[in-house]
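Biologist: Please take a close look at the salt bridges in this model and set them against the chain as a whole. How many salt bridges does the count come to?

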Amino acid sequence: VRNWDRGVFFKDVTDGIVRNVDGTGNKHAVEFDTTASSTVDGVTASSNVEYGLYLKDATGSSVVDSTATGNGRDGLFVDGGDATVTRVRTDGNTEHGVHLKAADGSTVRAVTATGNGLHGVYAGNVADGLVADSTADDNAEAGFRIHHSDRTLVTNVTADRNAHGVH
């Protein structure tokens with residue numbers, strides 16, 4: 001899907017699946033808005049105007065085996081809800097590789113975030129989150145930035161050549 005406002009857009013959907021999609025040049029390659037138990041699997045999101053993958057209030061949803069590169073803001077933005085992010089690669093996004101905002105209970109596992117303009121993985125206002133088994137290298141700010149996030153555990157991560165490792 002190319003050159004749309006939203007390449008794939010799910011609103012008020014339960015158990016939706018977006019699989020093996022290449023989204024380039026859209027505002028967002030994939031957007032979930034108020035979804036539940038939905039999945040992004042095997043998606044490549046590159047050179048989109050804002051977010052490669054955007055999950056807003058996506059309760060119990062997941063992003064697996066996907067790539068987000070060179071997007072105008074974040075590679076993957078989870079805004080509310082709780083999400084599981086597994087085996088995702090982000091590279092060269094203008095802001096964050098993976099950005100969690102008010103996404104309590106979210107898990108980030110086996111993520112590789114490289115060369116993003118701000119942070120590799122950013123968790124802001126996320127309670128009871130988990131960031132594990134991930135690598136963040138060559139990001140302009142922190143590899144892993146945990147901000148106002150109570151009871152969020154960061155474990156078994158590697159951060160090289162960032163302004164800060166885990167901050």
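Modeller: Of the 167 residues in the chain, 52% count as buried, and since this is a predicted model, that share and the values that follow are computed from the predicted coordinates. The chain exposes about 6800 Å², of which carbon and sulfur atoms supply 44%. The C-alpha trace spans about 35 × 30 × 20 Å along its principal axes, and the chain contains 22 strands and zero helices. Its radius of gyration is 14 Å, close to the 15 Å that the globule rule gives for 167 residues, so the chain is as compact as a globular protein of that length.

Against that background, the count comes to 11 salt bridges, and I will follow three of them, beginning with a small network that links D5, R6 and E31. Within that network, the side chains of D5 and R6 meet with 3.5 Å between N and O, while R6 also forms a salt bridge with E31, where the closest N and O atoms are 2.7 Å apart. This second pair links distant parts of the chain, because R6 lies in strand 1 (residues 6-11) and E31 in strand 4 (residues 28-33), 25 residues apart. The members of the network differ in their surroundings: D5 is partly exposed, with a relative accessible area of 41%, and R6 is likewise partly exposed at 34%, whereas E31 is buried at 5%. The label for E31 follows because buried means under 20% relative accessible area, and the figure for E31 is 5%. R6 therefore takes part in two salt bridges, one with a partly exposed partner, D5, and one with a buried partner, E31.

The third salt bridge brings together D41 and R19, whose closest N and O atoms are 3.0 Å apart. Here too the pair links distant parts of the chain, with D41 in strand 5 (residues 39-41) and R19 in strand 2 (residues 17-19), 22 residues apart. D41 is buried, with a relative accessible area of 17%, but R19 is partly exposed, at 46%.

The strands that carry D41 and R19 can also be placed in a sheet. An open sheet of seven strands has the order 2-5-8-11-14-17-20, with parallel pairing, and strands 2 and 5 are neighbours in that order. Strand 2 is also an edge strand, as is strand 20 (153-155), and each of these pairs on one side only. From one strand to the next the twist averages 5°. Further along the order, strand 14 (residues 107-109) and strand 17 (residues 130-132) pair in the parallel sense over three bridges; in this pairing, T107 has L130 of strand 17 as its bridge partner.

For the chain as a whole, among contacts between residues at least 6 apart in sequence, 25% join residues at least 24 apart. The salt bridge between R6 and E31, with their positions 25 residues apart in the chain numbering, links distant parts of the chain, and the one between D41 and R19 does so over 22 residues.

Terms used: Residues are numbered from 1 along each chain as its sequence is written. This is a predicted model: local features need pLDDT of at least 70, side-chain atom pairs count only at pLDDT 80 or more; totals for chains, interfaces and linings use all residues. Side-chain values use heavy atoms; hydrogens and water are left out. A salt bridge is a side-chain nitrogen of Lys or Arg within 4 Å of a carboxyl oxygen of Asp or Glu. Buried means under 20% relative accessible area, exposed over 50%, partly exposed in between (1.4 Å probe, protein chains only). Helices (H or I, at least four residues) and strands (E, at least two) are DSSP runs, numbered from the N terminus. Two strands pair if DSSP finds at least two bridges between them. Axes are lines fitted to C-alpha atoms, for helices over the stretch in contact, and angles run from 0 to 180 degrees between N-to-C directions. The radius of gyration is taken over C-alpha atoms; the globule rule is 2.2 Å times the number of residues to the power 0.38. Contact means heavy atoms within 4.5 Å. Accessible areas come from the Shrake-Rupley method with a 1.4 Å probe; for residues, only the protein chains shown count as cover.
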